[in-house]
Structures are given as structure tokens and as C-alpha cells.
Amino acid sequence: MLNIFKQGHPKGLYLLFFVEMWERFSFYGMRALIVLYMVQHLMYSTQQAGNIYGLYTGLVYLTPLIGGYLADRYFGQRKCIATGALLMVVGLFLLAFGPKSLFLLSLFFMIIANGFFKSNISSVLGLLYGNDNEKKDSAFTIFYMGINLGAFFSPLVCGTLAVKFGFEYGFAAAGIGMLIGFILYKLFEHKLLGDSGLYPATKTQIKEDEIVETDINGKKRFVSLLVLMLFTIPFWVSFEQAGSSLTLFAEYSTNRTFFGYEIPTEYFQSLNPLFIITLAPLISVLWGALRKRAKEPTSVEKFAIALFLISIAYVVLAFAGHLSLTTLVSPLWLVLGYFIMTVAELCLSPIGLSLVSKLAPRKFLSLTMGCWFLTSFLGNLIAGVWSGNYELMTPAQLFGVLAILSFVTCILLICFMPVLNKALKK
């Protein structure tokens, strides 16, 4: 399982690993609290909270499109990463210590912050490897583990503080985590990252072999990449129920008492990253073994597997939702649902990040990475609106529709698979 760490990666990978780990600690710590904070502290309805949550989590994936453009054209990725990290600290501390009237302003700060940060840190990682695509796949798997290491601990830390002392302590812990990430980045960026991402692409001497081909085949690959991205939107609609409808299901429909101890709802947010940390090395080894036998699925096929698996996850959750009409259900239903969703995520998210870094033109790298996150914006936005129906539908109905949506999208992708595979083939 440790083979992915023994491939001579540059030290800059591990700096980006820890910076991203703390950024995700802050994001997921805040995310685990935000819906319950709005419902229980700000007295919003579940529909209002779901819509605001969806708009917020959607916009943090929209603004990277703008941040990517600014990095490619004017500032370089590195300055944008530092700016985004600092703005996140401001937004989280404002959320923790500011008055209720500034709640939306704190969200605004974090939306802008993610725009500067999100696409650019992934782009710098890709730039560290040049055209070494095989190592790049491994690098993004390691990087993705860093994302989920932060995401695993944050609901436990921030959720416990929120339950025992109040929401403001949970938000403050998220802010401190991001501050640690910012300090680490500023201390070591020049030593470990060299010139990668330091200047905008228009000021960089770009070699021919660093640019996606401009011939007709290169253009077909790039367009096909954008088309493939569209198929991920229904995936994110389903996956991003974790912070909204699945949190409400855990809070109100799940038996959380274990030997006399009530498991905090926020702890369920740690299941997905825990499974990521556990399964990512195994999945990476599996892909490597299949690659040696010339049987590794293509990126398109991995996306189809992801859509199929997440549809199965929601069949499981829909059944649990049906049972919850008459009794509080076992938390094992959520554990199983999150487990299947995690395997699905590993077949899609790190694969997509790596694919973008391979196929995007160097001068549009961060902008294209922003397009990747744009699909998450649309998915999160729809997910929030859909979760706003939690009190208007039964959980079985709410989750059942998501199962059907993912499965139908999987079938459509299979229909387009021969064309996309041919276009994306190197």
C-alpha cells in the first residue's frame, strides 16, 4: 500500500499535501456545522438552510474559474494560493467571533478565498511533474489523501468543540487550522516549489512539449475532456448531500445512541475521509496491477463505474429512508452508504484532477482546472436546492431520485464511451 509513496516524488508534493490538508480541515470542519448552525442557532428553516448551504458550497467551486483565469493571466498560481489562504482565515474568524448579522459576509469571504486557492494549488502540483504522467497519477492520489486526512479530523475536532462549548469554538478551530496551513506555505514555498506556478503562463517560456497539441487531435481531446466533465455534475449532486440531507437524516432519523453515549451528528462527516485514507492506497495499487496487465479501465470507464456505484449507495440509503418512517434506523446504513460513495469518489475525483493536468494547455491550466471545479459548483448548487425538499418528501423519495439520476447518467456515459475513449486516447 505504501508503493505510491516510494516513487521519488519532489518534496514540494508534501508541502502541498499539508497545506491542502489544513485547508480541507477548515472547510470540512465548517461544513459539518453550518447547516445545524443555521437551523439551531440562526433559526432558519431546513429549506432556507439547504438553499444557503447549496449556494455557498456551489459558489466555492465556481469562483476557482475566476481565480484560475487571474492566475494564468496576471498573478501566477502561487500568489493566488497565499491570497486565498489568508482570506479564508479572515472569513472563518469572522464566522467564529463576529455578530450574527455578518454571517453572510463571512461566507462571502470564504467563497472569494476558495476562488484564489482551489484550482491553483492543484495546478501547481501538476506543474511540479511536467510530462511525467505516470507519477502524476500517483501524486494526485497522495494529494487526495491529504485532502481527506484534514476532512477526517475536522468534524471530530470542530464537531466536539461545537457540541461541548458552542458553534463559535468549532468555527474558531477551523480558522486556526487554515492559519497553520498559511504559515506552512509561506515558510517553505520558495524552498520546495522552486519556480513552479510563480509566474503567470503568459510570462513563462513554454516549451512545445508542455502544451496540449494544437492539431485537430489535440483539440478533440480538450473538447472531449470538457464534455466528460459534464457527466460529473449528477455525481456531485448526489455526493454533496453529505453536508445537508444526509446530515439531517443522521440528526433526526438515525439511532445515534451507542452504549449510552450519543454519537454527535457531525462525526458522520468523518466517515467519507476515513474511508478515503483507508481505500486510496488500495485503489491505487489496483489500478497499477491492472495497468501491468493492460487491463486498467480508461478514465471514462472509471467515471462510469463511479456513477454506477453512487447510484447503488443511494439505493441503500433510500431503503434506510423507508425504514426510518417507522423507527430510528441503525447508523450502519449511513456507514454502508458512505463506504460505497467513497469507492465511487476514488474512481472519479482524483482521476479527473490528474486528467485535467495532463490534457489542459499550459497557458490555460488553472482556468481549465477551474472548469473542472465548475462542475462541482453546478452539482453543489443543485444538491442544496434538492436537499431543501427534505421536509417536503420522505427520505426514501429524496434518496431514490438521486439513485435514478446517477444510474441514468451512467447509462448515457456508457453510450458516449466509445467516442470519448477514442478522443481522449493518447
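**Exercise 1. A salt bridge between two helices**

Task: Determine whether Glu 189 is buried or exposed in this model, and identify which residue forms a salt bridge with Glu 189.

Solution.

Step 1. Glu 189 has a relative accessible area of 4%. Buried means under 20%, so Glu 189 is buried. The model under study is a predicted one.

Step 2. The partner of Glu 189 in a salt bridge is Arg 78, and the closest N and O atoms of the pair are 2.8 Å apart. Side chains of opposite charge can pair when their charged atoms come close.

Step 3. The relative accessibility of Arg 78 is 2%, so Arg 78 also counts as buried.

Step 4. Arg 78 belongs to helix H3 (residues 77-97), whereas Glu 189 belongs to helix H6 (residues 167-193); the pair therefore ties together parts that are 111 residues apart in sequence.

**Exercise 2. A salt-bridge network**

Task: State how many salt bridges the structure holds, and describe which residues are joined with Arg 24 into one network.

Solution.

Step 1. The structure holds 10 salt bridges.

Step 2. Arg 24 forms one of them with Glu 23, where the closest N and O atoms are 2.6 Å apart. Another links Arg 24 to Glu 20, with a separation of 4.0 Å between the closest N and O atoms.

Step 3. Glu 20 and Arg 24 both lie in helix H1, four residues apart, which is about one turn of the helix.

Step 4. Arg 24 and Glu 20 are both buried, and Glu 23 is buried as well.

Step 5. Through shared partners, salt bridges join Glu 20, Glu 23, Arg 24 and Lys 118 into one network.

**Exercise 3. Two helix pairs**

Task: Describe how H1 packs with H2 and how H11 packs with H12, and state which classes of residue make up each contact.

Solution.

Step 1. Two packed helices are described by the angle between their axes and the distance between the axes.

Step 2. For H1 and H2, the angle is about 160° and the axes are 8 Å apart. An angle over 145 degrees counts as roughly antiparallel, and H1 and H2 are therefore roughly antiparallel to each other. Their crossing is right-handed.

Step 3. On the side of H1, the contact includes Arg 24, Phe 27 and Met 30; on the side of H2, the residues include Thr 46, Ala 49 and Ile 52. The contact of H1 with H2 comprises 12 nonpolar, one polar and two charged residues.

Step 4. For H11 and H12, the angle is about 170°, and the axes are 8 Å apart. H11 is therefore roughly antiparallel to H12.

Step 5. Among the residues of H11 that meet H12 are Ala 306, Leu 309 and Ile 310, and the residues of H12 in this contact include Trp 333, Leu 334 and Gly 337. By class, the contact of H11 with H12 has 18 nonpolar residues, one polar residue and no charged residues.

**Exercise 4. The surroundings of helix H9**

Task: Establish how many residues of helix H9 are buried, which helices they pack against, and which residues Leu 246 touches.

Solution.

Step 1. Helix H9 spans residues 245-252, and seven of its eight residues are buried, so that the helix is mostly covered. The buried residues are Ser 245, Leu 246, Thr 247, Leu 248, Phe 249, Ala 250 and Glu 251.

Step 2. These buried residues pack against helices H1, H2, H11, H12, H14 and H15.

Step 3. The axes of H1 and H9 come within 9 Å and cross at roughly 65°, in a right-handed crossing. Val 35, Leu 36, Val 39 and Gln 40 of H1 meet Thr 247, Leu 248, Glu 251 and Tyr 252 of H9. This contact has five nonpolar, two polar and one charged residues.

Step 4. Leu 246 is found in helix H9 and has a relative accessible area of 1%, so Leu 246 is buried. Not counting residues up to four places away in sequence, Leu 246 touches Gln 241, Tyr 314, Leu 317, Leu 334, Tyr 338, Met 341 and Phe 399.

**Exercise 5. A proline in a loop**

Task: Locate Pro 200 and state which residues Pro 200 touches.

Solution.

Step 1. Pro 200 is found in the loop between H6 and helix H7 (216-230).

Step 2. The relative accessibility of Pro 200 is 4%, so Pro 200 counts as buried.

Step 3. Residues up to four places away in sequence being left out, Pro 200 touches Ala 71, Asp 72, Arg 73, Tyr 74, Phe 75 and Gly 76.

Notes: Residues numbered from 1 in each chain as written. Predicted model: local features only at pLDDT ≥ 70, side-chain atom pairs only at ≥ 80, totals over all residues. Heavy atoms only, no water. Buried < 20%, exposed > 50% of the residue type's maximum accessible area, 1.4 Å probe, protein only. Contact = heavy atoms within 4.5 Å. Axes fitted to C-alpha atoms, helices over the stretch in contact; angles between N-to-C directions. Parallel < 35°, antiparallel > 145°, perpendicular 65-115°, else oblique. Left-handed = near helix turned anticlockwise from the far one by under 90°. Nonpolar A, V, L, I, M, F, W, Y, C, P; charged D, E, K, R; others polar. Salt bridge = Lys/Arg side-chain N within 4 Å of Asp/Glu carboxyl O.
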